[in-house]
Amino acid sequence: MPPVPSAPARLLRMASPRDLTLVGASLALGAVLYPLMIVPALGGRFGGVHAALLLANFAAICLAQLFRRHAPAGLAAGTVFMIVDVLLGPSVPVWIVFADLLYAATLHGPSRLSRNMVAVATALAAVLVVSFVAVTPVWQNGLLSAAGAIPLVLVPVAWGRNVRHHQELAAAERRSADQVARIAQLDRAAAVHDERRRIARDLHDVVAGHVSSIALQAEAVSTVAGHQDPAVASILRHIRTESVRALHEMRAMIDVLRAGDEGEDDSAPGRLSDLPQLVSAVRATGLEVDLSTRLPSELTSGAVELAAYRISQEALTNAAKHAPRSHATLDVRTAGAAIVVSLCNGLSPDGPAAPVAATGGGRGLLTMRERAEAVGGTLRAGPVGDQWQVRAVLPHRAR
């Protein structure tokens with residue numbers, strides 16, 4: 001069982017470092033003013049029992065500053081010690097500390113207390129006038145003393161109310177700014193959601209319809225003319241197979257767009273386990289492709305797997321377009337903390353510039369590079385000897 005802290009230790013825990021500093025500054029102020037007799041008790045002499053009571057009361061109100069942020073406890077204790085000081089003979093150090101307690105109660109106290117501090121200070125000023133007049137032999141002197149002490153009551157309260165009002169305005173402005181930012185964020189999310197749904201509708205109503213039509217026409221032509229030429233029949237079957245596959249992938253993409261969850265890669269089409277089917281479809285175009293894969297049973301990130309598949313797909317498509325009678329080697333494997341996708345194929349007769357010219361400005365290479373960079377990887381493409389090489393290095397986990 002942990003030991004119970006002593007009362008002084010609990011008191012120190014309640015005070016902030018700034019409060020402790022203020023207490024030390026107040027005690028230092030009293031240590032300077034009282035011995036110099038700058039503010040002796042009115043009608044008395046600084047010495048003996050009277051001086052001891054003044055100093056003890058001053059030390060007590062300084063300790064009350066430890067509770068200055070815990071209004072009304074600090075203010076109540078300070079008020080008691082202030083009344084005692086009036087009865088002993090008013091002294092400036094006590095009033096300075098009491099002014100700080102009034103300011104702290106107005107600034108840090110509960111809202112209801114802070115709103116009523118002006119009325120409290122006014123009532124306290126009236127009490128002070130009566131007290132000064134009562135304890136001062138000459139009532140005119142009492143009024144003059146009260147006139148000097150009243151600002152020490154009213155000014156801290158007015159100052160505290162002004163600072164608190166500015167703090168409340170700043171807090172209200174921050175809340176308003178947060179609400180505006182939240183509304184803007186919701187508007188952006190709604191706009192993105194609407195755009196995704198619009199794209200999904202266009203894909204479903206336009207592009208998917210065309211792809212479906214291609215598949216149906218390829219099947220019809222294969223039925224009518226396929227028996228006349230086996231090669232034509234094979235090509236038509238591959239056209240239909242790829243059309244159906246594209247339609248399936250497009251529908252999966254439409255589902256992703258409609259779901260509105262951009263982080264879900266598992267529902268997106270294109271997995272590295274589908275590479276054999278992809279290579280088989282490319283071989284049907286006449287390109288010889290050797291496939292080699294060395295991958296773990298399960299990848300860390302679906303986004304990386306999708307990027308690797310799409311890069312492989314685009315690289316094979318480019319090879320089939322620009323070097324259809326060449327030989328290509330596709331190698332996808334794990335190398336340390338990365339997945340390396342490498343495709344090598346023979347150069348076309350037109351040389352290294354042929355892929356860029358044939359793809360309308362190199363958009364295929366640009367797309368592959370963007371896919372690699374999107375998951376934190378790199379891609380390099382270009383001639384290596386008498387071959388064209390595409391090499392992508394992707395991390396296991398998307399960044």
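## Strand β3, its partners, and the second largest pocket

A hairpin joins β2 and β3 through two residues, and G336 in the turn has a positive phi of about 65°. The model is predicted.

β3 pairs with two strands, as set out in the table.

| Strand paired with β3 | Residues | Sense | Bridges | Residue pair |
|---|---|---|---|---|
| β2 | residues 327-335 | antiparallel | eight bridges | A328 and N345 |
| β5 | residues 387-395 | antiparallel | nine bridges | C344 and Q389 |

Strand β3 itself covers residues 338-346, and nine of its nine residues are buried. Both of its faces are covered. On one side are A338, V340, S342, C344 and G346, and on the other I339, V341, L343 and N345. The bridge residues N345 and C344 thus belong to opposite sides of β3.

Helix α11 is also largely enclosed by the rest of the structure, because 17 of its 21 residues are buried. At 1.5 Å a residue, α11 should span 30 Å, and this agrees with its end C-alpha atoms, which are 30 Å apart.

The second largest pocket has a volume of about 360 Å³. Elements giving two or more residues to its lining are α9 (230-259), α10 (275-283) and α11 (302-322). The largest share, seven residues, comes from α9. In total 17 residues line the second largest pocket, and E242, A281, V282, T285 and T317 lie nearest its centre. By class, the lining consists of nine nonpolar, four polar and four charged residues.

Methods:
Residues are numbered from 1 along each chain as its sequence is written. This is a predicted model: local features need pLDDT of at least 70, side-chain atom pairs count only at pLDDT 80 or more; totals for chains, interfaces and linings use all residues. Side-chain values use heavy atoms; hydrogens and water are left out. On a 1 Å grid over the protein atoms alone, a cavity is a set of points where a 1.4 Å probe fits but cannot get out, and a pocket is an open set with protein on both sides within 12 Å along at least five of seven lines; lining residues have an atom within 4 Å of a point. Grid points are joined across faces, edges and corners, and a volume is the space filled by probe spheres set on the points. Helices (H or I, at least four residues) and strands (E, at least two) are DSSP runs, numbered from the N terminus. Ala, Val, Leu, Ile, Met, Phe, Trp, Tyr, Cys and Pro count as nonpolar, Asp, Glu, Lys and Arg as charged, and the others, Gly among them, as polar. The expected span of a helix is 1.5 Å times one less than its number of residues. Buried means under 20% relative accessible area, exposed over 50%, partly exposed in between (1.4 Å probe, protein chains only). Two strands pair if DSSP finds at least two bridges between them.
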